[in-house]
Amino acid sequence: MAVFNKLDNVEDLYEIGEVLGSGHFGQVREVRERATGARWAGKFLKIRKCASSRLGMERKSVEREVEVLQALQHPNIMALKDVFESRAEVVLVLELISGGELFDFIAEKENLTESEAIEFMKQILLGVGFMHSKQIGHFDLKPENIMLSAKMAPNTDIKIIDFGLAHRFQPGEEYKCMSGTPQYIPPEVINYEPLSTAVDMWSIGVITYILLSGMSPFQGDKDEETLRNIIALNYKFDDHHFSMTSAMAKDFIQKLLVKDQNERITAEECLQHPWIKPLTRKQVANRNRSSINMKNFKKFNAKRKWKMSYNMVWVCNRLHRLKMLCKTSALVDEELRQCESDQEDTETKPSSLIRRRLSSSS
Ligand code: ATP
């Protein structure tokens, strides 16, 4: 069981600064270590007070996230420094990642060759490969969770964040879970089948497809349609959006978007794929000649950001309505006050069985 620091108050050791982002169960804020002046990110997570409550996070889930982060020390994975616990809150002190999201960084560029995009893909694969070598699956890989250590290239590294859905497999364990973000989940999640780390490889296939074309391979008008497209493996490389893409890149994606998880290539195998590691001059030339569909990518990213802020407003409005309904109950009101960032969905449509994330861009 993960041991949290209950003796010290986080504010005695750290000065709490500006909000960097918000998630399902709390905020991430910049914090400054009083003793050294060093800057970190503090993830403030509200803890569920009683088992029957739907507000806040179960302590067990926080423990899982902490244990996973403690097992993962890698240059491409966000590092955990410390954990504090108070009555209603757990605070994770994390490496501060100041370069923003990879997709935002790319969207600001005028053009990007496949070779440049591959440098980022390689780092994602190194981080994910390391995770998988520890039998840990992230299970929520998507653009929002792939950040950069700094804003200025070339000194910027990929950092994978948000291990809230991550799972460490025990030998022989059968693990099923219906969670993630519809656009990025593989068929086995939707079908509630036993999962493996191959779930992440499918998500990497989707992310690569989007990165190269600015299109999301399975995206339907509604989540139900997206999920149906995933199960039917209904995607194609249409000439219009993939006119600048190399055949090697398409082959790479095709080896990831495979229905049978045992047939999907692993992170290790990806790193040996000729698109990532070309063996001949011709392969190198093909990569350099091919580029990402920047016009479409910018459009995709703008829409994604718009949906993220829309979701945030929707969550706030929903909480406000819930609070109005419950204002006769002082107890519920108190819980809501303490768990302002919670946004669990109470819909019962099939697609809502997939645990949604605040930053869902589906
Ligand atoms: P979600 O509901 O999306 O799963 P969460 O509650 O698990 O979110 P995170 O995704 O870990 O929270 O963090 C929320 C946001 O805070 C991120 O999207 C990012 O913008 C920012 N953030 C998280 N960790 C860091 C960090 N170490 N450094 C800088 N910003 C961060």
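In which hand does helix 4 pass helix 6? The crossing is right-handed, where right-handed means that the near helix is turned clockwise from the far one by less than a right angle, and left-handed that it is turned anticlockwise. The model is a predicted one, so local features need pLDDT of at least 70 and side-chain atom pairs count only at pLDDT 80 or more, while totals for chains, interfaces and linings use all residues. Residues are numbered from 1 along each chain as its sequence is written, and side-chain values use heavy atoms, with hydrogens and water left out.

Overall, the secondary structure of the protein comes to 12 helices and 9 strands; both are DSSP runs numbered from the N terminus, helices being H or I over at least four residues and strands E over at least two. Of the 362 residues, 53% count as buried, with buried meaning under 20% relative accessible area, exposed over 50%, and partly exposed in between (1.4 Å probe, protein chains only). Among contacts (heavy atoms within 4.5 Å) between residues at least 6 apart in sequence, 67% join residues at least 24 apart.

Back to the helix pair from the opening. The axes of helix 4 (residues 114–133) and helix 6 come within 12 Å and cross at roughly 170°; axes here are lines fitted to C-alpha atoms, for helices over the stretch in contact, and angles run from 0 to 180 degrees between N-to-C directions. Helix 4 and helix 6 are therefore roughly antiparallel to each other, going by a scale on which angles under 35 degrees count as roughly parallel, over 145 as roughly antiparallel, 65 to 115 as roughly perpendicular and the rest as oblique. On the helix 4 side, the residues that meet helix 6 are Glu114, Ala117, Met121, Ile124, Leu125, Val128, Met131 and His132. Helix 6 answers with Asp200, Met201, Ile204, Thr208, Leu211 and Leu212.

Helix 6 also packs against helix 8 (residues 247–256), at an angle of about 150° and with the axes 8 Å apart. That pair, too, is roughly antiparallel, but helix 6 passes helix 8 in a left-handed crossing. From helix 6, the contact takes in Met201, Trp202, Ile204, Gly205, Thr208, Tyr209 and Leu212; from helix 8 come Ala249, Phe252, Ile253 and Leu256.

Helix 6 turns up again as part of what covers the buried residues of helix 7, along with helix 5 (187–190). In helix 7 (residues 223–231), those buried residues are Asp223, Thr226, Leu227, Asn229 and Ile230. They sit on the same side of helix 7 because they cover an arc of only 160° around the axis, the arc being that of the directions from the helix axis to the C-beta atoms. Just after helix 7 comes leucine 233, with a positive phi near 50°.

Now for the sheet. It is an open one of 5 strands, in the order 1-2-3-5-4, with antiparallel pairing; two strands pair if DSSP finds at least two bridges between them. Strand 1 (14–22) and strand 4 (80–85) each have a single partner strand, so they stand at the edges with one side left without a neighbour in the sheet. From one strand to the next, the twist averages 25°. Helix 2 (residues 59–71) packs on the sheet, where it touches strand 3, strand 4 and strand 5 (89–95), and its direction makes about 20° with that of strand 5.

Strand by strand, strand 2 (residues 26–33) pairs with strand 3 (residues 39–46) over 7 bridges, and glutamine 27 has phenylalanine 44 of strand 3 as its bridge partner. Strand 3 and strand 5 likewise pair over 7 bridges, with leucine 45 partnered by valine 90 of strand 5. Strand 4 and strand 5 pair over 5 bridges, one of the partners being leucine 94 in strand 5, set against leucine 80. These two strands form a hairpin with 3 residues between them. Strand 5 is mostly covered, with 6 of its 7 residues buried.

One loop residue rounds things off. Asparagine 145 lies between strand 6 (136–137) and strand 7 (146–148) and counts as buried, at 3% relative accessibility. Leaving aside residues up to four places away in sequence, asparagine 145 touches His138, Asp140, Lys159, Ile160, Ile161 and Asp162.
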